[in-house]
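Q: Please take a close look at a single part of this model. I should like a connected account of the residues that make it up and of how they are arranged.

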Amino acid sequence: MTGEDTTVATPRPPVRQAVLVRSGRAHTFDVFVRTIDAWWPRTPFSAGHERVREVRFERFEGGRVYEIWSDGTEVDWGRLRVWEPPRRFVLSWRLTGVETEVELAFAELGPALTRVTVEHRGWERLSEAQLAAACRTPGGYSGGAFDEGWAAILGRLRSAAEG
């Protein structure tokens, strides 16, 4: 085995992003899980990009989050490990090649104001080569592309929840 094929024991910090949404917590949570197909940016943040016909979110612990391509192919993004609506959910994340974990939390700051935070963790499970291949945009983990990606995704969620 070469050094490129092994994982690094050095901890890598989680990717953390947050956004304020002018919407109640229950509504914001609901927009994320029930209408993800309408607002999630398929390119570049899916496996199939333009082939994706639909994104589905099964709303129960153990449920899948997955995409369906125009030819019927299903690609899992992950499974719900924790399901606590409308407060948070934790999802295994398989689009990184090696499974990582994503936690979304929805904090009610007022009747029509919600702070949505994402923590994407488990990067130490990936080798350097896997880490470089895991990102859909230039720069990869080390260059901040996952930070930028999650910020863009949360921005789309905010627009959907506020609109």
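**The second largest cavity and its aromatic surroundings**

A: The second largest cavity has a lining made up of F32, I36, W40, F57, V65, W77, F89, L91, W93, V102, L104 and W150. The model is predicted, with local features requiring pLDDT of at least 70 and side-chain atom pairs pLDDT 80 or more, while totals for chains, interfaces and linings use all residues. Residues are numbered from 1 along each chain as its sequence is written, and side-chain values use heavy atoms, leaving out hydrogens and water.

A cavity here is a set of points, on a 1 Å grid over the protein atoms alone, where a 1.4 Å probe fits but cannot get out; its lining residues have an atom within 4 Å of a point. Searching the whole structure yields 2 cavities of 30 Å³ or more. The second largest holds about 60 Å³, a volume being the space filled by probe spheres set on grid points joined across faces, edges and corners.

The lining comprises 12 nonpolar residues, no polar and no charged ones; Ala, Val, Leu, Ile, Met, Phe, Trp, Tyr, Cys and Pro count as nonpolar, Asp, Glu, Lys and Arg as charged, and the others, Gly among them, as polar. Strands β5 and β6 (100-110) each supply at least two lining residues, and β5 gives the most, with 3. Strands (E, at least two residues) and helices (H or I, at least four) are DSSP runs numbered from the N terminus.

Two of the lining residues, F32 and F89, also form an aromatic pair. Rings of Phe, Tyr and Trp (its six-membered ring) pair if their centres lie within 6.5 Å; planes under 30 degrees apart are stacked, over 60 edge-to-face and the rest tilted. By this rule there are 19 aromatic pairs. The pair of F32 and F89 is tilted, with 5.4 Å between centres and 55 degrees between planes. This pair joins distant parts of the chain, 57 residues apart: F32 belongs to helix α1 (residues 25-34) and F89 to strand β5 (residues 88-93). Both F32 and F89 are buried, meaning under 20% relative accessible area, with over 50% exposed and partly exposed in between (1.4 Å probe, protein chains only). F89 counts as buried because its relative accessibility is 1%.

F89 also forms a tilted pair with W83, 6.3 Å centre to centre and 40 degrees between the planes. One aromatic cluster takes in F29, F32, W39, W40, F57, W77, W83, F89, W93, F106 and W150.

Key:
On a 1 Å grid over the protein atoms alone, a cavity is a set of points where a 1.4 Å probe fits but cannot get out, and a pocket is an open set with protein on both sides within 12 Å along at least five of seven lines; lining residues have an atom within 4 Å of a point.
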